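Colleague: Could you take me through the aromatic rings in this one, and then through whatever they pack into? I'd like a close look, with no rush.

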Amino acid sequence: MKVLFMGTPDFAKESLEAVYNANYEILGVVTNPDKPKGRGMKMIASPVKQFAEEKGLKVYQPIKVRRNEEFIEEIKSLNPDVICVVAYGKILPKEILDIPRLGCINVHGSLLPQYRGAAPIQWAVLNGDKKTGITTMYMDVGMDTGDMILKEEVEIGDDETTGELWDRLSKIGGELLVKTLEQIENGTAPRTKQGEDFTVAPMLDKQMAKIDWDEKTASEIKNLVRGLNPIMGAYTFLNGKKIKFWKVAIATKREIIAEGMEILKNGTVMISDPRDGLFIKAKDGVIIVLEIQGENAKRMPISDFLRGNQINEFEVFK
């Protein structure tokens with residue numbers, strides 16, 4: 001079976017590697033153009049391109065795929081049996097979807113029809129879900145609306161971050177893609193239509209990263225922190241300086257004396273000590289900061305931060 005692969009980030013690289021190791025004939029790899037990164041703005045290739053070049057695979061990097069007749073004709077000339085699409089980053093037009101005789105197959109990071117859209121893994125963590133998974137599906141012109149093929153469900157750890165879940169699901173996605181290709185090749189792949197009860201996972205924006213101490217519960221703050229780790233980090237302000245939290249926990253009653261805390265403003269520092277840690281009052285409990293990043297500084301364990309930075313009790317994060 002001749003495969004054309006389309007993908008960009010490390011999540012997609014795991015699927016490409018799985019297809020490569022399964023000895024499928026990979027006609028080419030389509031990925032986004034190189035991007036400038038770092039202080040020197042050096043052009044960096046995507047993880048998918050890096051792997052493809054290591055293995056001597058042909059790489060295509062069109063700036064756009066819609067109304068790109070030259071690229072579409074190139075794909076037609078390759079005559080793939082199937083196109084595998086994993087976190088490519090561009091919406092494919094019908095002209096491309098119609099090219100492979102066995103269809104275009106997508107690996108999606110949720111249990112569809114939950115979390116259709118660009119950020120399914122992130123939203124599962126942000127919403128405090130207990131389970132998620134991977135779905136493979138036949139692509140159509142809609143946003144993640146195609147018929148489902150295979151699913152694999154996983155539990156989400158109480159302290160698991162988006163980055164940790166991303167890494168786990170990327171490997172599962174690669175394995176499930178290979179199983180899907182095997183069943184398609186054998187003519188045994190199921191085809192299940194999605195129901196109408198769906199949720200959407202839109203792209204994240206920087207505005208949502210600010211902690212609202214008055215509106216969010218302790219659990220919601222914890223989910224925000226782990227959901228934005230390592231993407232952008234949840235942030236708050238102390239004495240006008242921007243502080244990012246990368247890892248937090250919720251205090252139990254045994255860990256802090258709660259008597260009288262209801263009169264304190266949300267965001268108030270209750271304990272600040274390199275040995276004991278940093279405890280902050282939330283709407284319905286107390287947040288323990290475990291990993292922190294000061295303004296224009298590196299992220300570090302809270303004990304290290306407090307040895308070099310003063311945070312006083314009864315100061316208020318805003």
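Modeller: Let's start with Phe 51, which is buried at a relative accessible area of 5%. This is a predicted model, so keep that in mind throughout. Phe 51 pairs with Tyr 20, edge-to-face, with 5.8 Å centre to centre and 90 degrees between the planes. The two rings come from distant parts of the chain: Tyr 20 belongs to helix α1 (residues 10–21) and Phe 51 to helix α2 (residues 47–54), 31 residues apart. Tyr 20 has a relative accessibility of 29%, so it counts as partly exposed.

That is one of six aromatic pairs in the structure. Another one is Tyr 235 with Phe 237, where the ring centres are 5.7 Å apart and the planes meet at 85 degrees, so this pair is edge-to-face. Tyr 235 is buried, at 15% relative accessible area, while Phe 237 is partly exposed, at 30%. Tyr 235 also has a charged residue over its face: Lys 242 lies 4.3 Å from the ring centre. You'll find a charge over a ring at Tyr 138 as well, where the charged end of Arg 191 sits 4.0 Å from the centre.

Then there's a cluster, in which ring pairs link Trp 213, Phe 245 and Phe 317. That takes us into the core. Nonpolar side chains tend to be buried together in soluble globular proteins. Here the largest nonpolar core has 70 residues, and those touching the most other members include Phe 245 and Phe 317, along with Phe 5, Leu 16, Leu 177, Leu 278 and Val 289. Helix α6 (residues 162–186) is the top contributor to this core, giving seven residues. To see what surrounds one of these, take Val 289: beyond its neighbours within four places in sequence, it is in contact with Phe 245, Lys 247, Val 248, Leu 278, Ile 280 and Ile 302. A separate core of 18 residues lies apart from the largest one, and Leu 27, Phe 71, Tyr 88 and Cys 104 are among its members.

Now for the sheet and the helices on it. Seven strands make an open, mixed sheet, in the order β5-β2-β1-β6-β7-β8-β9. The edges are β5 (59–60) and β9 (148–155); each has a single partner strand, so one side of each has no neighbour in the sheet. At the β5 end, strand β2 (residues 25–30) runs parallel to β5 and is joined to it by two bridges, with Val 29 opposite Val 59. Helix α1, the one carrying Tyr 20, lies across β1 (2–7), β2, β6 (82–86), β7 (104–108) and β8 (131–138), and runs at about 165 degrees to β1. Helix α6 lies across β1, β6, β7, β8 and β9, at about 150 degrees to β9.

Last, have a look at helix α7 (residues 218–227), which is mostly covered, with eight of its 10 residues buried. They aren't just nonpolar ones: Lys 222, Asn 223 and Arg 226 are among the buried residues, as are Ile 221, Leu 224 and Val 225. The buried residues of α7 pack against α5 (120–126), α6, β10 (234–238), β11 (241–250) and β14 (286–293).

Conventions: Residues numbered from 1 in each chain as written. Predicted model: local features only at pLDDT ≥ 70, side-chain atom pairs only at ≥ 80, totals over all residues. Heavy atoms only, no water. Phe/Tyr/Trp six-rings, centres within 6.5 Å; stacked < 30°, edge-to-face > 60°. Helix = DSSP H or I, 4+ residues; strand = E, 2+ residues; numbered from the N terminus. Buried < 20%, exposed > 50% of the residue type's maximum accessible area, 1.4 Å probe, protein only. Lys NZ or Arg CZ within 6 Å of the ring centre and 35° of its normal. Core = buried A, V, L, I, M, F, W, Y, C linked by side-chain atoms within 4.5 Å. Contact = heavy atoms within 4.5 Å. Pairing = 2+ DSSP bridges. Axes fitted to C-alpha atoms, helices over the stretch in contact; angles between N-to-C directions.
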